[in-house]
Amino acid sequence: MLRGLRRRTALTVLLSLTASLLAACGSGSEAGGELTAEPVTLRFTWWGADDRHKRTQQVIEMFQKKHPNITVKGEFKEWNGYWDSLATTMAANDAPDIMQMDEQYIASYAERGALLDLNEAKKHLDTADFDQKALATGAVDGKQYGLPVGLAMYSMVVNTDLLAKYGIPVPDDTKWTWDDVRSIGEQVSKAGGGQVFGVQSPGINDTAGLSIRARQQGKALFDAEGKVVLPPEIATKYWTYIQDLAKAGIAAPPSVTVEKASAGLNQSATATNTAAFGLWWNTQLTALTAASGAKLKLLRLPEESQAKSPGAYYKPSMFWSISSRSEHPAEAAAFVSFLANDEEAAKVLLTERGVPANVKIRAAIAGQLKETDKAAKEYLDTVPVSDPPRITPNGASTTDAILKRHTEDVLFGRTTPEAAAASFIKEVQSEVDAAK
Amino acid sequence: MSALDELRQLRRGGVQVRKSDNRAAFWFLAPWFAGLLLVTIGPVIASFALGFTKYNLIQPPRFIGFDNFLRILSDSRLHNALRVTFTYVLVSVPLQLACALGVALLLNRGLRGLAFYRSAFYLPSLLGSSVAIAVLWTQVFGTDGLVNRVLGFFGVEGRGWISDPDTALSTLIVLNVWTFGSPMIIFLAGLRQIPEVYYEAAAIDGASRRSQFRRITLPLLSPILFFNLVLQIIHAFQSFTQAFVVSGGTGGPSDSTMFYTLYLYQQGFSRFDMGYASALAWFLLLIIAAFTAINFWAAKYWVFYDD
């Protein structure tokens, strides 16, 4: 070994190793045409948890029975891996035909020409039963790049079992404020003795939470052109609030918050019964209840009654999109139509992807809903909303990650709320600019 | 005649190599060459070209000159990533090599059951950069993890090691040090090559163990040490999996585990900025090349070749 290893040998080995460092990098028919009778394989991808995979697989089998020549191959992943892998397959010109798409990403993909305008496939994809406002959320520049699947609303989830245990009454959510959340949370933390906290810290996957605070003041995150117009003082107030919750012990210590946030819904403070209040999408109530085993209730967002107009809005929980490079756009459209319009399919899918945006389907499944699903639907039917914000502009799909990093910087004392606010606005704006 | 002498004789033409043998060799090598061209050289060239473009994975790349490289100078998150990566490399590699050498010296004393210990210490190297170990690490260093349980037993209050930006990088450094097995094996092989007679002579002259180590072992082992140093530095610069898994792909909390490679990956696959990501890859190549060049230059002053 010693004698064999000369300078030149070592150099050769090193050069080849350095070179290996870089090794890591690595349309057919018309949408409006007739459905083919030839055997066709469609690829369909979605993100989600186990329950969703089972239901979706079941619906795929129902579709294949109706169209024996069409095979639908399901590819499913967790949220995080989903976007990485979608970007990679897009780059490789190997994108799935049908994709579950999110509000944060739809403009990014649509404006880069990756998605099919569903209007071209109208012959196979009927959208007549959809709420027009909901339908508009899937349009970019007048083209329908996504068909909204379900609707969701941002809400405050309260653990009524915990409140009852500590003898604290459930607050009246028709006129409560962020200060009320703080003071009730303080009582919970006191009673919880370091094990149970009042509030699950906001600011982790909470762009909606920040957006709602802006909307309550008549402002917004983005204007119609996609420019960041969030007033810095609103963001400052937002992070001051988060910092105060942690410092006062109303939320868990920062490192616990960060740890739980990265472990997913089932490990969250709400799901583990370690915080009485938490901000969630109303449709997550079922999953949270299943994980926590406690009685959870949806409350209206704080300060809605004092707001200029309601901060709450209908968010399309997700969209069905078809790849612009799909070789079988007509068949893909037929499958999307089955997912969105077929009553039998809807009875399997229920509200697992949100309360259906298809009004007829929503009525058809009403009788089959579980108690938590019913609560989510009722919340959607009764809580006042205003017009939804502009969809996340192209380039801003990383806003959640930017927000989370700034929250961490604030929580660990690496920056002040003022500096975080300024830096957040600047960074999101530069992401939007970079995508142009 | 040793294998090396045989090879030399072959080169000098002492043995006739038939042409048909050459052709056969070529065919046997062909799959490897195809792989090299398609999965290594092709992408390397492509990434160099892409470094000068704006390329979002879907639309065709657009030439933008040196913009991506200029951005490297002003990108403050990248500068943070560089700081994190340098800290990781400069702290973990010396510690890892020290552990490797220490254990190799122990094992070289002719223990019984050497093969077992050798395998036991080598095992983490095989697993070290795997996803499974990184997942295990999040458990070990979590708030309710093994480390805090042990600390709790001694009455010390733990913390969320991985979820605290002050300690998150240290857990990754510990992980890298723990995988000292492969340099250790190389050290062991090197130690075995040092002729026993040197030590015998030194012992007769009354040299202490310490000075035997300093004056015989270290100089004769220096080429091996050099080899390990260069290799492990390159390896550490390329670390990715650990940080990706432990931070859930974010490089957090507060960018405290944002390795250069992870930042590069995020630019390419989360921000769809493949042009900038390619530029970053070439910049990393330059950094590693610079470190390696410095190493080779410095080697003149401390590496002793016995031939």
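Helices and strands are DSSP runs, of at least four residues (H or I) for a helix and at least two (E) for a strand, numbered from the N terminus. The exercises below concern a predicted model.

**Exercise 1. Determine where B:Ser92 is placed and whether this residue is buried or exposed.**

Solution.
Step 1. Locate the element: B:Ser92 belongs to helix α4 of chain B, which covers residues 76–107.
Step 2. Apply the cut-off: a residue is buried if 20 or more other C-beta atoms lie within 10 Å of its own. B:Ser92 has 24 C-beta neighbours inside 10 Å and therefore counts as buried.
Step 3. Identify the partners. Beyond the neighbours within four places in sequence, B:Ser92 is in contact with B:Ile173, B:Asn176, B:Val177 and B:Ala236.
Step 4. Consider a residue elsewhere in the chain: B:Ser208 is 116 residues away along the chain, and 31 Å separate the two C-alpha atoms.

**Exercise 2. Describe the make-up and extent of chain B.**

Solution.
Step 1. Chain B contains 14 helices and two strands.
Step 2. The C-alpha trace of chain B spans about 75 × 70 × 35 Å along its principal axes.
Step 3. Chain B has 307 residues, of which 35% count as buried.
Step 4. Among the contacts in chain B with a separation of 6 or more, 69% are between residues 24 or more positions apart.

**Exercise 3. Establish the strand order of the six-stranded open sheet in chain A and follow its pairing at β1 and at β12.**

Solution.
Step 1. The order of the open sheet is β2-β1-β3-β11-β6-β12 in chain A, and the pairing is mixed. Its edge strands are β2 and β12 (355–356) of chain A, each of which pairs on one side only.
Step 2. At one edge, strand β1 (residues 40–47) and strand β2 (residues 70–77) of chain A run parallel and are joined by eight bridges. Helix α2 (residues 50–66) of chain A carries the chain from β1(A) to β2(A), in a β-α-β crossover that is right-handed. A:Trp47 has A:Lys77 in β2(A) as its bridge partner.
Step 3. At the other edge, β12(A) pairs with strand β6 (residues 147–152) of chain A in the antiparallel sense, over two bridges. Here A:Gly150 stands opposite A:Pro356 of β12(A).
Step 4. Recall the principle behind both cases: strands of a sheet pair through backbone hydrogen bonds, in either the parallel or the antiparallel sense.

**Exercise 4. Explain why strand β9 of chain A is described as largely enclosed, and name the strands that pair with β9(A).**

Solution.
Step 1. Strand β9 of chain A covers residues 275–281; six of its seven residues are buried, so the rest of the structure largely encloses this strand.
Step 2. One partner is strand β7 (residues 154–159) of chain A, which pairs with β9(A) in the antiparallel sense over five bridges. Within β9(A), A:Phe277 stands opposite A:Val158.
Step 3. Another partner is strand β8 (residues 197–199) of chain A, which runs parallel to β9(A) and is joined to it by two bridges. The bridge partner of A:Phe197 is A:Ala275 in β9(A).

**Exercise 5. Work out how the two domains of chain A meet, and where the largest nonpolar core lies.**

Solution.
Step 1. The domain assignment of chain A gives domain 1 (40–150 + 316–380) and domain 2 (154–312 + 395–434). Their C-alpha centres are 29 Å apart.
Step 2. The contact takes 15 residues from domain 1 and eleven residues from domain 2 of chain A. On the domain 1 side, the elements giving two or more residues are α4 (103–110) and α15 (371–382) of chain A. The largest share of that side, six residues, comes from α15(A). By class, the same side has six nonpolar, seven polar and two charged residues.
Step 3. The largest nonpolar core has 175 residues; A:Ile98, A:Ile106, A:Phe197, A:Ala333, A:Phe335 and A:Val336 touch the most other members. Because both domains of chain A give residues to this core, the core lies between them.
Step 4. Take A:Phe335 as an example: apart from neighbours within four places in sequence, A:Phe335 is in contact with A:Leu42, A:Phe63, A:Val72 and A:Ile98.

Conventions: Residues are numbered from 1 along each chain as its sequence is written. Chains are lettered from A and ligands numbered from 1 in the order in which they are written. This is a predicted model: local features need pLDDT of at least 70, side-chain atom pairs count only at pLDDT 80 or more; totals for chains, interfaces and linings use all residues. Two strands pair if DSSP finds at least two bridges between them. A crossover is right-handed if, with the strands pointing away from the viewer, the path from the first strand over the helix to the second runs clockwise. A residue is buried if 20 or more other C-beta atoms lie within 10 Å of its own, exposed if 12 or fewer, and partly exposed in between; C-beta atoms are placed from the backbone. Two residues are in contact if their C-beta atoms, placed from the backbone, lie within 7 Å. Domain bounds come from an automatic or database domain assignment. Ala, Val, Leu, Ile, Met, Phe, Trp, Tyr, Cys and Pro count as nonpolar, Asp, Glu, Lys and Arg as charged, and the others, Gly among them, as polar. A nonpolar core is a set of buried Ala, Val, Leu, Ile, Met, Phe, Trp, Tyr and Cys residues joined through C-beta atoms within 7 Å.
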